[in-house]
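Grab a coffee and open the viewer. Here are some short exercises to work through, each with its solution spelled out.

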Amino acid sequence: MTLIERFLGGYSDNFLLALVMWPFASAALTLPILAYLYHRDGRLRFVSVASTYLTVLYVLGLGCFTLYPLPSGDAGPGITYGIPWQLNPLAPIGDFMREGLSVLPQIAFNVVFFVPLGFIGGRLFRWGFGKTVLVGLLTSLFIEAAQGTGLFGIYPYAYRTADVDDLIYNASGAAIGWWCAALLARVLPPGALAQEGEVTHEPGFIRRCVAFWLDMLLVGLVGSTTVGVLALVGRYVPGFAWLDGLLTGTPLALYLHLVAFVLVEGVLPWLHGGSTPGGGFVRMSCETRERAGVRRLVFYVARLAVVGGAFLFFPFAWMVLALFYLVARCMPYDLV
């Protein structure tokens with residue numbers, strides 16, 4: 001078994017942990033990235049979707065490889081004693097003189113592990129060289145600080161070595177990744193940006209999902225803020241104590257969120273050509289064709305019923321909607 005095989009063998013559990021977490025984290029992490037890409041480009045290609053999912057896997061792997069396994073038991077590093085920080089940037093020279101080539105896999109791993117970060121920054125997000133290297137350096141600094149502070153105080157002692165040389169290796173890897181993205185761009189340039197004001201009336205299923213996810217964040221924010229303000233008024237403003245009791249004794253909070261839902265998914269798109277706040281961000285309209293009068297009203301009522309049901313019965317309802325869209329190439333309310 002080679003030095004590299006022995007080195008990577010110790011990280012197999014970390015990679016398996018990242019794979020297990022991947023499906024759960026994807027739902028939370030991919031949609032913000034897809035929303036950003038929609039807002040920037042006005043469209044989303046399959047390559048962008050695949051790249052986003054792989055980016056999530058990479059981020060999970062980065063965390064699992066650098067922070068896992070965590071301290072456990074009643075004794076050991078991080079629990080009864082700590083591992084000192086390594087703040088000498090010339091330490092690798094001494095290590096190489098003492099241990100020879102056996103130190104190279106660790107150094108190479110620290111460099112290579114951040115190459116994807118640089119590539120993602122340069123290719124997917126189209127950051128400049130300086131910003132990409134800075135993000136790589138700050139990410140590395142966050143990881144080293146987490147290791148050297150017992151995960152920011154969760155554990156009483158440092159459970160891994162916080163090494164200043166890792167900052168250099170990681171930032172170098174991010175730089176190499178950015179250069180790789182720049183070289184690829186000469187052969188295969190990224191897609192041209194869409195016009196800033198372009199809005200599509202024929203959105204795909206993924207774009208609809210991203211817009212709806214953004215809208216639901218807004219609904220939650222508006223509803224929760226309203227409930228919070230009413231609760232504060234009921235608790236601290238004389239003469240309004242009944243509000244606090246109304247919030248705790250009735251489903252008023254649910255009704256307020258329902259009102260926010262109708263406002264975001266019904267009233268606002270009605271007034272803005274079919275674009276919800278999330279739809280406006282990803283440049284789409286939910287109105288696939290012109291409708292007027294009663295037909296337009298029925299369309300919005302049907303749409304509220306469909307998207308409301310999809311939210312209440314997530315994720316099964318979305319599977320049904322995805323299958324319906326795959327066959328009909330539209331949503332049920334588009335048939336109105």
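The exercises below go from the whole chain down to single residues, and the model they use is a predicted one.

**Exercise 1. Get your bearings: work out how many helices and strands there are, and what share of the residues is buried.**

Solution.
- Start with the secondary structure: you should find 15 helices and 0 strands.
- Next, burial: 39% of the 336 residues count as buried.
- Finally, look at the contacts with a separation of 6 or more: 75% of them join residues 24 or more positions apart.

**Exercise 2. Decide which parts of the model to handle with care, going by pLDDT.**

Solution.
- Take the overall picture: the mean pLDDT is 79, and 85% of the residues reach 70 or more.
- Then find the extremes: helix α7 (residues 129-148) has the highest confidence, at 91, while helix α1 (residues 3-9) has the lowest, at a mean of 43.
- Now mark the weak stretches. Residues 1-12 stay under 50 and have 11 contacts beyond four places in sequence. Residues 192-196 are also below 50, with 9 contacts beyond near neighbours in sequence.
- Low pLDDT means that the predicted coordinates should not be read in detail.

**Exercise 3. Find the salt bridges, and say for each partner whether it is buried or exposed.**

Solution.
- Count first: there are 3 salt bridges.
- Pair one is D334 with R208, at 3.0 Å from N to O. D334 sits in the segment after α15 (316-328) and R208 in helix α10 (residues 205-236), so the pair links distant parts of the chain, 126 residues apart. Both D334 and R208 are buried.
- Pair two is R303 with E265, whose closest N and O atoms are 2.8 Å apart. This pair also links distant parts of the chain: R303 is in helix α14 (residues 293-312) and E265 in helix α12 (residues 252-271), 38 residues apart. R303 and E265 are buried.
- Pair three is R296 with E287, with 2.7 Å between the closest N and O atoms. Again, both R296 and E287 are buried.

**Exercise 4. Zoom in on D334: which residues does it touch, leaving aside neighbours within four places in sequence?**

Solution.
- Locate D334 in the segment after α15.
- Check its exposure: the relative accessible area of D334 is 4%, so D334 falls under the 20% cut-off and is buried.
- List its contacts: D334 meets R208, C286, T288, R289, R291 and F299.

**Exercise 5. Describe how α14 and α15 pack: what is the angle, and which residues meet?**

Solution.
- Read off the geometry: the angle is about 135°, and the axes are 6 Å apart.
- Classify it: α14 and α15 are therefore oblique to each other.
- Pick out the residues: V306, G309, A310 and F311 in α14 meet A317, W318 and L321 in α15.
- Sort them by type: the contact of α14 with α15 has 6 nonpolar residues, 1 polar and no charged.

**Exercise 6. Look at the phi values of L151 and F152, then say how exposed each residue is.**

Solution.
- Place L151 in helix α8 (residues 150-153); F152 is in helix α8 too.
- Take phi: L151 is near 55°, and F152 is near 60°. Each is a positive value in a residue other than glycine.
- Compare exposure: L151 counts as buried, at 18% relative accessibility, whereas F152 is partly exposed, at 46%.

How values were computed:
Residues numbered from 1 in each chain as written. Predicted model: local features only at pLDDT ≥ 70, side-chain atom pairs only at ≥ 80, totals over all residues. Heavy atoms only, no water. Salt bridge = Lys/Arg side-chain N within 4 Å of Asp/Glu carboxyl O. Helix = DSSP H or I, 4+ residues; strand = E, 2+ residues; numbered from the N terminus. Buried < 20%, exposed > 50% of the residue type's maximum accessible area, 1.4 Å probe, protein only. pLDDT = per-residue confidence, 0-100. Contact = heavy atoms within 4.5 Å. Axes fitted to C-alpha atoms, helices over the stretch in contact; angles between N-to-C directions. Parallel < 35°, antiparallel > 145°, perpendicular 65-115°, else oblique. Nonpolar A, V, L, I, M, F, W, Y, C, P; charged D, E, K, R; others polar.
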